[in-house]
Amino acid sequence: MDLAEFRARYSLNTLPMLDLIDANPSDNKLRQAAVLIAIYEIDNQLQLILTKRPPHLRAHPGQISFPGGKVEHTDANYQATALREAEEEIGLVASNVEVIGALPAHKTFTGFEITPFVAIVKRSFVPVIDPGEVDEYFTVPLSFLLKQYNRHTQRFERRGISYPVHFIPYKKHFIWGATAAMIDLLCRQLSPSPR
C-alpha cells in the first residue's frame, strides 16, 4: 500500500473530522488526552510511528504508545494537543504533519479518554526524543499490522464485566491496551474486505 491507496482506503470509511472538539474540560471525570497516529513512508513502505514510555512515568510506564498526551488548557483543541505532544516527544513538527481524520475517542481503565488523530508525515525527519517522556522511538510496517493474524484479542473480566483486550507482538515489543485497540480499529477501517 502506498500513500495514495492509504488515503483512498481511509477516506472510504472515515468519520467526521473532530476539529471542533475544543480543549474545555469535559463534564465527566475522565482526563482528556489526544494522540497522533502518524503514518510515515520510509523506503517506499508505510510505517506507523510508536514510542515506548519510560518506566518512571506515573501513567502507563513502559507501555507502547502513540505520540501524544494530556490536553492542556492552553491547547486550542484536541488536534493541537496531539501535534504539540508529537513535537515535544519526538521532534515531529506540526508543519510536517497532515492530519487527515480522527478515530472515535477511546476510554481506558486508568481514567483517560483518548482522541486519536490520523496523520501523514509529509517529509523525512530525524526523531529528537525527549527522554523524560519517551524511552524509545520505533516504527512498525503498516503491512504487518494490516494482517489480521498479527492482531490479537482476548477477553478479560474486571469487576464482573468481560472486556476485550487487544495486543500485537512485534519483534521485541508488546503493543497492547488502548494503543493496540486503536491500531486494530484503523486496520479494520483500511481493510477492503467486509468486517
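Helix α2 (residues 78-90) makes a handy way in: at 1.5 Å a residue, its 13 residues should span 18 Å, and its end C-alpha atoms are indeed 18 Å apart, which agrees. The expected span here is 1.5 Å times one less than the number of residues. The model is a predicted one, so local features need pLDDT of at least 70 and side-chain atom pairs count only at pLDDT 80 or more, while totals for chains, interfaces and linings use all residues. Residues are numbered from 1 along each chain as its sequence is written, and side-chain values use heavy atoms, with hydrogens and water left out.

Both ends of α2 have something to show. Asparagine 77 caps the N-terminal end, with a side-chain oxygen 3.2 Å from the backbone nitrogen of glutamine 79. Just after the helix, glycine 91 takes a positive phi of about 75°. Buried residues in α2 (buried being under 20% relative accessible area, exposed over 50%, partly exposed in between, with a 1.4 Å probe and protein chains only) include Tyr78, Ala82, Leu83, Ala86 and Ile90. Among the elements covering the buried residues of α2 are β1, β2, β4 (68-70), β5 (97-102), β7 and β8.

Zooming out, the protein has 4 helices and 11 strands, taken as DSSP runs numbered from the N terminus (helices H or I, at least four residues; strands E, at least two). Of its 195 residues, 46% count as buried. Contacts (heavy atoms within 4.5 Å) often join distant parts of the chain: among those with a separation of 6 or more, 65% are between residues 24 or more positions apart.

In soluble globular proteins, nonpolar side chains tend to be buried together. Here, the largest nonpolar core has 31 residues, and Phe6, Leu50, Phe66, Ile175 and Ile183 have the most contacts inside it. Such a core is a set of buried Ala, Val, Leu, Ile, Met, Phe, Trp, Tyr and Cys residues joined through side-chain atoms within 4.5 Å. Its largest share, 7 residues, comes from α4. A second, separate core of 21 residues includes Val71, Ala82, Leu83 and Ala119. As for phenylalanine 6, leaving out residues up to four places away in sequence, its contacts include Met1, Ile39, Leu46 and Leu190.

Then there is proline 169, found in strand β10 (residues 161-170). Proline 169 counts as partly exposed because its relative accessibility is 37%. Beyond its neighbours within four places in sequence, proline 169 is in contact with Phe144, Asn150, His152 and Phe174.

Note on methods
Polar contact = N/O pair within 3.5 Å; in protein donor to acceptor, adjacent residues only side chain to side chain.
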